[in-house]
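Grab a coffee and work through these exercises with the model open beside you. Each one has a task, then a solution in steps.

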Amino acid sequence: GRYRIVGVPLEVTGSNDVGAVFEDDLGPADPTRWRLGNYSTAGDSVTEFPDAMPVVPGRGYWLITDSHVTYGADGYTVMPNRYIQGRGYYEVPLARGWNQVANPFPFDVDWREVTFDYLGSIIGHDSTLIEDNAYWFSGYSYLLTNTLQAWDGFFVFTRRSGLKILFPYHELSN
């Protein structure tokens, strides 16, 4: 099987239920063909389809397939939901511990440009609050990454509650 952490960088139109978003492309739920779930810090567990959380920008999911399948959804481009000094960001709340999140935008984002809100204060990569790494899963192992690819998810570790990740609405330039 092929393991990936995925996200859907769209404001989904219609139902954002995981079944509505994934079954049209992957076929009916069948654990021998594909499985989907999202990690929860609470209980250090994965909630599997059909009980996984609804599909929203910034949320990551484990997707395990028996082949290289593609998926998509109907929706519209995610726009910033937060502005700081005229710059647009997409804000996603984080729990204390490991968080499975995804790039909410349909373009690559530079991890080094990601900032955080801690109880209302905008902070950078403060190692007392956040482990300063994004962990992408290659299918075989976890790797540090500075490129948060569109449609991909990753793990980030927070040392406190009250944090929100702020993805910059700015395409990574190569």
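**Exercise 1: the second largest pocket**

Sorted by class, 5 nonpolar, 3 polar and 3 charged residues line the second largest pocket. Here Ala, Val, Leu, Ile, Met, Phe, Trp, Tyr, Cys and Pro count as nonpolar, Asp, Glu, Lys and Arg as charged, and the others, Gly among them, as polar. A quick note on the source: this is a predicted model, where local features need pLDDT of at least 70, side-chain atom pairs count only at pLDDT 80 or more, and totals for chains, interfaces and linings use all residues. Residues are numbered from 1 along each chain as its sequence is written, and side-chain values use heavy atoms, with hydrogens and water left out.

Task: find which element gives the largest share of the lining of the second largest pocket.

Step 1. Get the term straight: on a 1 Å grid over the protein atoms alone, a pocket is an open set of points where a 1.4 Å probe fits, with protein on both sides within 12 Å along at least five of seven lines, and lining residues have an atom within 4 Å of a point.

Step 2. Look up the strands (DSSP E runs of at least two residues, numbered from the N terminus). β1 (2-6) and β13 (134-137) each supply at least two lining residues.

Step 3. β1 wins, with 4 residues.

**Exercise 2: one side of a helix**

Task: work out where the buried residues of helix α1 (residues 18-26) sit around its axis.

Step 1. List the buried residues of α1 (under 20% relative accessible area, 1.4 Å probe, protein chains only): V18, G19, V21, F22 and L26.

Step 2. They span an arc of only 165 degrees, so they lie on the same side of α1. That arc is taken from the directions from the helix axis to the C-beta atoms.

Step 3. See what they pack against: β2 (10-12), β3 and β5 (61-65).

Step 4. Check the ends. D17 caps the N-terminal end, with a side-chain oxygen 2.9 Å from the backbone nitrogen of G19, while G27, just after α1, has a positive phi of about 90 degrees.

**Exercise 3: Q100**

Task: decide whether Q100 is buried or exposed, and say what its side chain reaches.

Step 1. Place Q100 in strand β9.

Step 2. Q100 counts as buried because its relative accessibility is 8%.

Step 3. Follow the side chain of Q100 to the backbone nitrogen of Y39, at 2.8 Å.

Technical notes:
Contact = heavy atoms within 4.5 Å. Polar contact = N/O pair within 3.5 Å; in protein donor to acceptor, adjacent residues only side chain to side chain. Buried < 20%, exposed > 50% of the residue type's maximum accessible area, 1.4 Å probe, protein only.
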